[in-house]
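Take a moment with the sequence and the 3D view before reading on. Then follow the chain from overall plan to single residues.

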Amino acid sequence: MAGAAALVSAASSRPSTLTSPRAAALRGRGQGPGAGAPQGRLFGGRSRTRTGVQRFCGPPPDHSGIRPCAPGWNRTGGPGARNAGSLATPRVAKYRLFAWLPTTTLPDSQLIVFARDDDYFFGVLHSRPHEVWGLRLGTQLETRPRYTPTTTFEKFPMPRPTPAVAEEIAAAAQELNRLREGWLNPPGAEDAVLRRRTLTNLYNERPSWLDQAHARLDAAVHAAYGWPYPLSDDEILSRLVDLNLSGQAGSTATVTAEEMP
């Protein structure tokens, strides 16, 4: 498995160059970077893209306060690596959903962005174990769960699968993304129909094919941990806490007594 992801909470004092907070700017990549649903439609709202993102990874404009990126900052790898874009999730959302950002999107502080582009990583984060962990160890804004990187990502015990199981997770994640993209972008659909086709609306409806795709993904992630499938949410959480405290999995920090679910 590739090394731990670099977690970026993007922020800037130049909001005119960034993605709209409401947009979440998350869309599947289809056949390549930038493919898929128009930005802002996956979760509703609007978003903006900007070409020439490399300008922020070279000598910064005067008074920008932005430092050049280190060489190789965006190199990723692992099962299902696509070498384009990055993975993101809204900081606050009704559902804990992850989707691909095209390379031309500059996210703002309402997105948590992961500098990874492989389907394996997408699959682990979109699995039920990670969702349960995030719901129990994250925080809330009113009634909506908030993804809190210090507890929900840094302390999440990543599995250490065999290469074969990692490939199965990547394949299940890729299929989930393909099915969602097909629903978001049905051939010949009118604009009025497309505007209603957001990921939030899809998960509100929760069709059987979506449940089946998630079940396949969850079974593969359970296998990566060496667990039977299925398990109750309480059992999943108990096993994850044990892994975190034992230091046997890929978390980067230990859960404290105050954070214990």
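This report goes from the whole protein to its strands, its helices and a few backbone details.

**The whole protein**

The model is a predicted one. It has eight helices and six strands. Starting at the N terminus, the order of elements is β-β-β-β-α-α-β-β-α-α-α-α-α-α. The protein has 261 residues, and 46% of them count as buried. Its accessible surface is about 12,700 Å². Carbon and sulfur atoms hold 50% of that surface.

How much of the contact network links residues 24 or more positions apart? Among contacts with a separation of 6 or more, such pairs account for 68%.

**Three strands side by side**

Start with strand E2, residues 86–90. E2 is mostly covered, with five of its five residues buried. Which residues point which way? Ser86, Ala88 and Pro90 point one way, while Leu87 and Thr89 point the other. In general, side chains in a regular strand alternate between the two faces of the sheet.

E2 has two partners to look at here. Strand E3, residues 99–101, pairs with E2 in the antiparallel sense over three bridges. In this pairing, Ser86 stands opposite Leu101 of E3. Strand E4 also runs antiparallel to E2, and four bridges join the two. Here Thr89 has Ile112 of E4 as its bridge partner. Pro90 is matched with Leu111 of E4.

E4 covers residues 111–114, and both of its faces are covered. Leu111 and Val113 are buried on one side. Ile112 and Phe114 are buried on the other.

**Two helices that cross**

Now move to helix H2, residues 128–137, and helix H8, residues 233–246. Their axes come within 9 Å and cross at roughly 85 degrees. Angles of 65 to 115 degrees count as roughly perpendicular, so H2 is roughly perpendicular to H8.

Which residues make the contact? From H2 come Arg128, Pro129, Val132, Trp133, Arg136 and Leu137. From H8 come Asp233, Asp234, Ile236, Leu237, Leu240, Val241 and Asn244. By class, the contact has eight nonpolar, one polar and four charged residues.

H2 also has several buried residues: Pro129, His130, Val132, Trp133, Gly134 and Leu137. What covers them? The cover includes helix H1 (119–125), strand E5 (139–141), helix H3 (149–153), helix H7 (208–225) and H8.

**A buried leucine**

Leu202 lies in helix H6. Is Leu202 buried or exposed? Its relative accessible area is 0%, and residues under 20% count as buried, so Leu202 is buried.

Look next at what surrounds this side of H6. Apart from neighbours within four places in sequence, Leu202 is in contact with Arg180, Trp183, Pro207, Trp209 and Leu210. Leu202 and Leu184 are 18 residues apart in sequence. In space, their C-alpha atoms are 8.4 Å apart.

**Backbone details in loops**

Most residues other than glycine have a negative phi, and most peptide bonds are trans. Three places in this model are worth checking against that rule. The table lists the angle at each one.

| Place | Backbone angle |
|---|---|
| Glu142 | phi near 60 degrees |
| Arg206 | phi of about 50 degrees |
| Tyr229 and Pro230 | omega about 0 degrees |

Where is each one found? Glu142 lies in the loop between E5 and strand E6, residues 144–146. Its phi is positive, although it is a residue other than glycine. Glu142 has a relative accessible area of 65%. Values over 50% count as exposed, so Glu142 is exposed.

Arg206 sits in the loop between helix H6, residues 199–205, and H7. Arg206 is not a glycine either, yet its phi is positive. With a relative accessible area of 36%, Arg206 is partly exposed.

Pro230 belongs to the loop between H7 and H8. The peptide bond that joins Tyr229 and Pro230 is cis.

Technical notes. Residues numbered from 1 in each chain as written. Predicted model: local features only at pLDDT ≥ 70, side-chain atom pairs only at ≥ 80, totals over all residues. Heavy atoms only, no water. Buried < 20%, exposed > 50% of the residue type's maximum accessible area, 1.4 Å probe, protein only. Contact = heavy atoms within 4.5 Å. Areas by Shrake-Rupley, 256 points an atom, 1.4 Å probe, with all protein chains shown as cover. Axes fitted to C-alpha atoms, helices over the stretch in contact; angles between N-to-C directions. Parallel < 35°, antiparallel > 145°, perpendicular 65-115°, else oblique. Nonpolar A, V, L, I, M, F, W, Y, C, P; charged D, E, K, R; others polar. Pairing = 2+ DSSP bridges.
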